[in-house]
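Trainee: Could you walk me through this one with a few questions and answers?
Mentor: Sure, take a look at it first.

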Amino acid sequence: MGLTGCGSWSWGRRSAGPAGFGQDNRQDPALSGNGRLLASIVERSGRDTVILQEQPSGRLLPLGPLQRQQPHRSPSLSWNGRYLAVIVQQGARRLTVIEDRSNGQLHRLPLPADSEPQRLSLAPDGRRLAIEVVRGGRSLVQMFDLSDLLEADLPGGLPTSGGGLVDGDAAPGQR
Amino acid sequence: MTLVSHLRGGRAGLAHPRLSAGGRFKPERFKLGRFNLSGFRPGRMGPVGRSLLHLGCLSLLGFGLGGCMGDMPRPMGGLDRQLEQAGSSSAPALAGRWLALIAGRGGRDQVLLVDVERGLPVPLPGLNRPDAQPLSVAVNRDGNRLVVVRQRDGQTELVLYRRELMALESIAMQPPGVPRRVSLRGDGHELAVEVSRGGLWQIDLIAIP
């Protein structure tokens with residue numbers, strides 16, 4: 001590893017791995033804080049859909065209620081991947097939701113009617129959420145405190161396998 | 001230094017009026033049952049205000065959004081006001097106590113790094129330049145590493161900024177491609193970037209020493 005001239009790097013690189021959808025577009029990457037999971041958006045049946053993959057194997061992990069309500073955009077993961085936040089479509093409106101993968105619960109986070117979410121970022125510990133909204137034609141980042149809603153997902157916590165199960169056997173060395 | 005003074009090139013060390021002496025926010029909030037409503041002052045909310053509040057709850061229930069019995073995120077009013085005063089803001093990325101984002105006025109955007117717990121931006125010497133337009137940013141947990149996708153001289157490039165060293169380094173796309181959105185692992189030693197190649201969007205994972 002080292003510099004390859006002009007400040008350009010030749011560090012280790014790899015593709016995110018096949019998502020089982022051939023040569024489809026993959027967008028909106030989001031790593032969990034510990035780097036063990038990667039969320040991204042692929043097109044499935046003509047609709048943008050969030051998928052979750054274990055790294056580096058690329059194994060697809062199950063999602064709960066989030067498998068519906070496409071199109072999805074702007075996924076974001078907490079440290080161990082317990083929480084997956086994403087913008088979904090509900091009727092004519094976009095809505096920010098957070099799936100708790102340890103129990104399958106979906107938290108819906110309504111915003112004022114004049115604010116449409118565009119991008120979001122969940123703090124790795126799950127205690128804060130930043131949402132870029134468009135309001136009156138202007139992009140604004142708004143911050144929300146989630147500490148009353150979500151348990152913290154801290155480094156050293158158990159990885160979550162999805163479907164309401166805590167995967168105590170997975171990822172040795174991650175606990 | 002507030003976000004506004006930061007964007008205007010203000011001097012560090014200015015106190016912010018919305019911070020307590022301990023440097024922490026004192027958000028204005030009002031608890032009604034289990035709901036926290038930022039900005040409401042119970043002593044000033046008359047019968048009309050209470051009626052509007054109830055109407056709002058009923059409207060939310062009618063739209064099937066979980067209504068008042070659903071999850072209500074609590075706005076961080078003080079920081080939101082600062083961000084609003086700073087002009088437009090976009091592309092947020094949270095890690096640890098840090099919020100990285102792109103903010104600007106008059107079409108000139110720059111990367112900001114805000115210490116959320118203190119409500120203050122920190123300087124990023126050598127990162128922002130007038131001929132570069134940032135598109136996406138991510139920060140690691142300790143706030144020392146930022147990765148930025150930006151346009152400069154008609155090219156889109158991915159760069160790593162090490163705040164402690166005030167050093168900026170280019171990360172080449174191999175095979176060549178055009179980067180767009182980027183995400184950074186908590187320890188800052190791996191990034192995921194969306195890259196356009198041959199008409200397809202792909203995701204590369206790049207280890208960073």
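**Working through two chains**

Trainee: Is B:M166 buried or exposed?
Mentor: This is a predicted model, and we work from its coordinates. B:M166 has 12 other C-beta atoms within 10 Å. A residue with 12 or fewer such neighbours falls in one class, so the word for B:M166 is exposed.

Trainee: Where is the place of B:M166 in chain B?
Mentor: B:M166 is not a glycine, yet its phi is positive, near 55 degrees. As for its place, B:M166 is in the loop between β10 and β11 of chain B.

Trainee: What about B:D153: is that residue buried or exposed?
Mentor: B:D153 is another non-glycine with a positive phi, about 55 degrees. You'll find B:D153 in the loop between β9 (145–152) and β10 (155–162) of chain B. With 7 other C-beta atoms within 10 Å against a cut-off of 12 or fewer, B:D153 is exposed.

Trainee: Which loop of chain B holds B:P175?
Mentor: Start with the backbone: the peptide bond from B:Q174 to B:P175 is cis, with omega near 0 degrees. B:P175 itself is in the loop between β11 and β12 of chain B.

Trainee: Why is strand β12 of chain B largely enclosed by the rest of the structure?
Mentor: Strand β12 of chain B covers residues 178–184, which is 7 residues. It is largely enclosed because the number of buried residues among those 7 is 5.

Trainee: Which residue stands opposite B:V182?
Mentor: β12(B) runs antiparallel to strand β13 (residues 190–197) of chain B, and 5 bridges join them. The hairpin of these strands has 5 residues between them, and B:G188 there takes a positive phi near 80 degrees. Across the pair, in β13(B), the residue opposite B:V182 is B:V193.

Trainee: Why are the buried residues of α3(B) on the same side?
Mentor: The buried residues of α3(B) are B:G78, B:L79, B:Q82 and B:L83. An α-helix has 3.6 residues a turn, so residues three or four places apart point the same way. In α3(B), the buried ones are on the same side because they cover an arc of only 135 degrees.

Trainee: Which residue follows α3(B) with a positive phi?
Mentor: Step past the end of α3(B) and look at the backbone there. Phi is positive, near 105 degrees, and the residue is B:G87.

Trainee: How many residues of chain B are in contact with chain A?
Mentor: On the other side, chain A gives 49 residues to these contacts. For chain B the number is 49.

Trainee: How do the residues on that side of chain B divide into nonpolar, polar and charged, and how many are nonpolar?
Mentor: Elements giving two or more residues to the side of chain B that touches chain A include α3 (77–85), β12, β13 and β14 (200–207). On that side, 10 residues are polar and 11 are charged, and the nonpolar ones number 28.

Trainee: What is the bridge partner of A:S15 in β14(B)?
Mentor: Strand β1 (residues 13–15) of chain A and β14(B) run antiparallel, joined by 3 bridges. In β14(B), the partner of A:S15 is B:D204.

Trainee: In chain A, which are the edge strands of the open sheet β2-β3-β4?
Mentor: The 3 strands come in the order β2-β3-β4, with antiparallel pairing. The twist averages 25 degrees from one strand to the next. An edge strand pairs on one side only, and here those are β2 (26–31) and β4 (47–54) of chain A.

Trainee: What is the bridge partner of A:A39 in β4(A)?
Mentor: Strand β3 (residues 37–44) of chain A pairs with β4(A) over 8 bridges, in the antiparallel sense. Within that pairing, A:A39 is matched with A:L52.

Trainee: Last one: over which residues of chain B is the pLDDT below 50?
Mentor: Chain B averages a pLDDT of 76, with 66% of the residues scoring at least 70. Where pLDDT is low, the predicted coordinates should not be read in detail. In chain B, the stretch with pLDDT below 50 is residues 10–69.

How values were computed: Residues are numbered from 1 along each chain as its sequence is written. Chains are lettered from A and ligands numbered from 1 in the order in which they are written. This is a predicted model: local features need pLDDT of at least 70, side-chain atom pairs count only at pLDDT 80 or more; totals for chains, interfaces and linings use all residues. pLDDT is the predictor's confidence in each residue, from 0 to 100. Two residues are in contact if their C-beta atoms, placed from the backbone, lie within 7 Å. A residue is buried if 20 or more other C-beta atoms lie within 10 Å of its own, exposed if 12 or fewer, and partly exposed in between; C-beta atoms are placed from the backbone. Helices (H or I, at least four residues) and strands (E, at least two) are DSSP runs, numbered from the N terminus. Two strands pair if DSSP finds at least two bridges between them. Ala, Val, Leu, Ile, Met, Phe, Trp, Tyr, Cys and Pro count as nonpolar, Asp, Glu, Lys and Arg as charged, and the others, Gly among them, as polar. Axes are lines fitted to C-alpha atoms, for helices over the stretch in contact, and angles run from 0 to 180 degrees between N-to-C directions. The arc is that of the directions from the helix axis to the C-beta atoms.
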